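Let's look at how the labels on a structure are earned, one question at a time. Keep the model open beside you as we go.

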Amino acid sequence: MEKDCGVWISVLSHKLGKRMNADMQSLGLTGVQSRVIHYILVKCAEGPVYQRDVESALSMSRSTATGVLQLMEKNGLIQRRSVASDARLKSLIPTEKAIRLDAEVGECLRRTERCLTEGLSNAQLAAFMKTAALMSANLDK
């Protein structure tokens, strides 16, 4: 049986998740946590980061983001601070522990990306990115 687009995307997602979890295990993180902490560290330089930003940037459901962020807070990677202007909002603040892990997390993410894209030309990568963005938009309809 020939694999359709959905099956290939599922296979790649599963393999990528397994690879990232294995790579991040030595740092005490999951693959998803590594993406979240990297996002928070990058975006904190630009201003406050909130849970809804993480949800949007990483296409996570509210419940998934809540679970990941609660575990990260429990593990001392982030703090949640109330925002003076809106008590319902909590700003996500990386801890010193997260900042210390940043270089290693970044290197693991770059290594995984190099592995994933090995042997692909810039044109192939650009075509893939364009195709993936279109498929994502199609699923949003």
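**Reading the labels**

Q: Which residues does M72 touch, leaving out those up to four places away in sequence?
A: In this predicted model, M72 touches Q33, V36, I37, L77 and I78.

Q: What makes M72 stand out in the largest nonpolar core?
A: M72 is listed with V36, I40, V54 and V105 as the residues with the most contacts inside this core of 24 residues. The elements that give two or more residues to the core are α1 (5-25), α2 (31-44), α4 (62-74) and α5 (96-117). As general background, nonpolar side chains tend to be buried together in soluble globular proteins.

Q: How are the elements of the protein arranged along the chain?
A: From the N terminus on, they run α-α-α-α-β-β-α-α, which gives 6 helices and 2 strands. The C-alpha trace spans about 55 × 35 × 30 Å along its principal axes, and buried residues make up 27% of the 141 residues.

Q: Why is the pair E46 and K43 called a salt bridge?
A: The cut-off is 4 Å between a side-chain nitrogen of Lys or Arg and a carboxyl oxygen of Asp or Glu. E46 and K43 meet at 3.4 Å, N to O, so the pair qualifies under the 4 Å limit.

Q: Why is E46 called exposed, while K43 is called partly exposed?
A: Exposed means over 50% relative accessible area, buried means under 20%, and partly exposed lies in between. E46 has 59% relative accessibility, so E46 counts as exposed. K43 has 30%, so K43 falls in the partly exposed range.

Q: What makes E107, R110 and R114 a network of salt bridges?
A: E107 takes part in two pairings. R110 meets E107 at 3.5 Å, N to O, and the closest N and O atoms of R114 and E107 are 3.1 Å apart. Both values are within the 4 Å limit, so each pairing counts and E107 links the two arginines. R110 and E107 are 3 residues apart in helix α5, so about one helical turn separates them.

Q: How do you know that the residues of this network are partly exposed?
A: The relative accessible area is 45% for R110, 29% for E107 and 47% for R114. Each value lies between 20% and 50%, so each residue is called partly exposed.

Q: Why is E55 said to have no salt bridge?
A: The nearest side chain of opposite charge, R62, is 4.4 Å away. A salt bridge must be within 4 Å, so E55 and R62 do not qualify. E55 is nevertheless buried, and its place is in helix α3 (residues 51-57).

Q: How can E55 and R62 be in contact without a salt bridge?
A: Contact needs heavy atoms within 4.5 Å, whereas a salt bridge needs its nitrogen and oxygen within 4 Å, so a pair can meet the contact rule alone. Leaving aside neighbours within four places in sequence, E55 is in contact with M60, S61, R62 and A65.

Q: What makes α1 prominent in the lining of the largest pocket?
A: α1 supplies the largest share of that lining, 11 residues. The pocket has a volume of about 1,600 Å³, and of its 33 lining residues the closest to the centre are I9, L12, S13, L16 and F128. At least two lining residues come from each of α1, α2, α5 and α6 (122-140).

Definitions and conventions. Residues are numbered from 1 along each chain as its sequence is written. This is a predicted model: local features need pLDDT of at least 70, side-chain atom pairs count only at pLDDT 80 or more; totals for chains, interfaces and linings use all residues. Side-chain values use heavy atoms; hydrogens and water are left out. A nonpolar core is a set of buried Ala, Val, Leu, Ile, Met, Phe, Trp, Tyr and Cys residues joined through side-chain atoms within 4.5 Å. Buried means under 20% relative accessible area, exposed over 50%, partly exposed in between (1.4 Å probe, protein chains only). Helices (H or I, at least four residues) and strands (E, at least two) are DSSP runs, numbered from the N terminus. Lys and Arg count as positive and Asp and Glu as negative; His and the chain ends are not counted. On a 1 Å grid over the protein atoms alone, a cavity is a set of points where a 1.4 Å probe fits but cannot get out, and a pocket is an open set with protein on both sides within 12 Å along at least five of seven lines; lining residues have an atom within 4 Å of a point. Grid points are joined across faces, edges and corners, and a volume is the space filled by probe spheres set on the points.
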